Amino acid sequence: VERAHTVTGSGSGYRVIDEDSDAVACLASGDDIHSIVQVTHAGSTVTIIGTSAAFTNQFIIDEGNAALALGLLGSTPDLVWMLPSIDEASGAPTAADLTPPWVSLVMVLLIITALAAALWRARRFGPLVVENLPVTVRSSETMHGRARLYEKASARRHALDALRVGTIDRLATVCGLPKIAGVDDVIRTVAEVTGRAETDLAALLRDADVPTEAELVRQSDALLELERAVAAAINPNTNNTPGTTPTTEPGE
């Protein structure tokens, strides 16, 4: 206190009411009120500081505040900091206290914008109207268009696979196989019906490649011939044209 001389800053003041005590009061501010009171109790010295603002960053460099803080707080190796009362201590700042005021306004604006966008996108301009397609595309045109695409892309293997899928489905139906029958089941059944080798049928229905356009045409003709042969072997009276329904001669 002698080195500090004077201190600045707000705080509390204390008055010693027991004249017989050995309390030492310093930094008087009038009317027997002092900013610092030091008493000895049970062999320990207790210093009560009223000018708490002098220890803050705002006032520590004013007057003798720094000398007072160093003299009081640095005199012993251990420092115990006690607040006057738990009721006087302010609680931890909440999220609302730490949030700038403009954040709340921006959040409200975003919510309003989202609601307006939802209402705008959810509007309906009358009941739904069902309209017929302006044209009807025949299946033959679709077939020819796909064939031209295969030809332009030189996708002969894709074209042959499409033909093979149709042939395998029709052969499975003619042979009475279930829908879950695989290609190997169809090959095995057709071999039993026609007497052809399974390796030849596997090459025709699955494995053989088509390096040229002529080979594609030959494979297509072979598939048609195989369907006719299977239909004739199962029912000799059946019309051998693939994909047609058996007819009955008049009078039978």
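## The main nonpolar core

In this predicted model, the largest nonpolar core comprises 19 residues. Those with the most contacts inside this core are L171, V186, V190, L201, L205, L226 and V230. Four elements each give two or more residues to the core: α5 (156-174), α6 (183-194), α7 (198-207) and α8 (213-234). Of these, α5 gives the most, with 5 residues.

The surroundings of L205 illustrate the packing. Leaving aside neighbours within four places in sequence, L205 is in contact with R164, T167, I168 and L171, and also with I187, L223 and L226. Apart from the main core lies another core, of 5 residues, which includes I36, A54, F55 and A69. In soluble globular proteins, nonpolar side chains tend to be buried together.

## Helix α6

Helix α6 has 12 residues, which at 1.5 Å a residue should span 16 Å. Its end C-alpha atoms are 16 Å apart, so the span in the model agrees with the expected value.

Within α6, the residues V186, I187, T189, V190 and A191 are buried. The cover over the buried residues of α6 includes α5, α7 and α8. Two of the buried residues of α6, V186 and V190, are also among those with the most contacts inside the largest core. After α6 comes G195, which has a positive phi, near 80°.

## A nonpolar patch on the surface

Nonpolar side chains are also found at the surface. W102, V106, M107 and L110 make a nonpolar surface patch of about 430 Å². One of these residues, V106, is located in helix α3, which covers residues 101-122.

The relative accessibility of V106 is 38%. V106 therefore counts as partly exposed, because that class lies between the limits of under 20% for buried and over 50% for exposed.

## Overall architecture

The protein contains 8 helices and 3 strands. From the N terminus on, the elements run β-β-β-α-α-α-α-α-α-α-α; the strands thus precede the helices in sequence.

Of the 252 residues of the protein, 17% count as buried. The exposed area is about 19,200 Å², of which carbon and sulfur atoms supply 58%. Where contacts join residues at least 6 apart in sequence, 46% of them link residues at least 24 apart.

Conventions
Residues are numbered from 1 along each chain as its sequence is written. This is a predicted model: local features need pLDDT of at least 70, side-chain atom pairs count only at pLDDT 80 or more; totals for chains, interfaces and linings use all residues. Side-chain values use heavy atoms; hydrogens and water are left out. Patches are made of residues with over 30% relative accessible area and no salt bridge: like charges are joined within 9 Å, nonpolar side chains (Val, Leu, Ile, Met, Phe, Trp, Tyr) within 5 Å. Accessible areas come from the Shrake-Rupley method with a 1.4 Å probe; for residues, only the protein chains shown count as cover. A salt bridge is a side-chain nitrogen of Lys or Arg within 4 Å of a carboxyl oxygen of Asp or Glu. Buried means under 20% relative accessible area, exposed over 50%, partly exposed in between (1.4 Å probe, protein chains only). A nonpolar core is a set of buried Ala, Val, Leu, Ile, Met, Phe, Trp, Tyr and Cys residues joined through side-chain atoms within 4.5 Å. Contact means heavy atoms within 4.5 Å. The expected span of a helix is 1.5 Å times one less than its number of residues.
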